[in-house]
Amino acid sequence: SSATDTAGFSSTTSSVLRIALIQSAVVFLVAAVWQQRWGTIVDTSWLITMAERVLSGGRLYVDVIDSNPPFSIWLFLPAIIASRWAGIAPEIGIYLYTCLAVVVGLGLSAVIVRRAGFAENHALLRLLPLFVALFTIFPGNTFTERDHVGTVLFLPLLALMALRADTTRRVAPGIALIVGAGLCGSILVLVKAYYVVAYIVPALYVAWRRRNPWLLLAPETCIIGIVGVAY
């Protein structure tokens with residue numbers, strides 16, 4: 001009976017996942033049409049221009065004068081390189097790059113949440129299309145902004161904090177998830193340093209919730225700190 005119940009639950013979960021993925025794909029298509037209302041905004045266009053000039057041999061802050069920190073330009077370099085290789089406009093490359101960030105952010109968060117085994121996981125799975133819409137349609141013309149890319153990649157870190165804050169179970173997240181969440185979470189801080197507040201506040205909550213101040217030095221915290229210092 002137990003095996004039958006488990007099989008039934010697994011089948012139901014697979015069905016819900018399949019429906020959620022199809023709905024999410026539809027949301028991505030709707031978002032692509034929705035984003036045509038304004039195209040690429042000025043801030044992103046400027047960073048594209050700077051990145052193209054750097055790739056053409058210009059030296060940042062010498063030949064290419066800009067007030068942004070270097071990471072703002074470095075963040076978009078992979079998309080510009082891929083666009084040149086694929087022979088598409090850099091604006092399209094940046095759009096697809098941002099969509100990839102949404103997939104990575106939500107996907108890694110889903111893996112962490114599944115590992116945590118939260119009671120709300122089934123409901124969260126059904127809400128996946130809404131989360132996709134939240135990060136593809138609701139941002140409006142800020143969709144390709146560096147801040148938006150950093151925000152969606154910050155989600156896995158928040159999911160990991162939720163796992164650590166859970167006092168009802170002791171689930172080890174695993175080295176791969178810790179490294180992935182830490183590196184993704186560092187993007188937002190590298191984009192603009194004051195976003196570190198978005199990390200400090202939930203980290204303090206986790207330490208308070210678990211009554212363990214040493215959690216302020218969790219591995220993902222150290223990764224963000226090392227990346228920040230190296231940058």
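This report covers the salt bridges of a predicted model.

The structure holds 3 salt bridges. The table lists each pair with its closest nitrogen-to-oxygen distance.

| Basic residue | Acidic residue | N to O distance |
|---|---|---|
| Arg59 | Asp63 | 3.0 Å |
| Lys192 | Asp147 | 3.0 Å |
| Arg164 | Glu220 | 2.7 Å |

Side chains of opposite charge can pair when their charged atoms come close.

**Arg59 and Asp63.** Arg59 bridges to Asp63, with N and O atoms 3.0 Å apart at the closest. Asp63 is partly exposed, at 37% relative accessibility.

**Lys192 and Asp147.** Here the closest N and O atoms are 3.0 Å apart. Lys192 sits in the loop between helix H9 (175–191) and helix H10 (197–209), while Asp147 belongs to helix H8 (residues 146–165), so the bridge ties together parts that are 45 residues apart in sequence. Lys192 is partly exposed, with a relative accessible area of 22%. Asp147 has a relative accessibility of 15%. Buried means under 20%, so Asp147 counts as buried.

**Arg164 and Glu220.** These side chains meet at 2.7 Å, N to O. The pair links distant parts of the chain, 56 residues apart: Arg164 lies in helix H8 and Glu220 in helix H11 (residues 219–230). Arg164 is buried, with a relative accessible area of 14%. Glu220 is buried too, at 2%.

Helix H8 thus recurs. It carries Asp147, the partner of Lys192, and helix H8 also carries Arg164, the partner of Glu220.

Terms used:
Residues numbered from 1 in each chain as written. Predicted model: local features only at pLDDT ≥ 70, side-chain atom pairs only at ≥ 80, totals over all residues. Heavy atoms only, no water. Salt bridge = Lys/Arg side-chain N within 4 Å of Asp/Glu carboxyl O. Buried < 20%, exposed > 50% of the residue type's maximum accessible area, 1.4 Å probe, protein only. Helix = DSSP H or I, 4+ residues; strand = E, 2+ residues; numbered from the N terminus.
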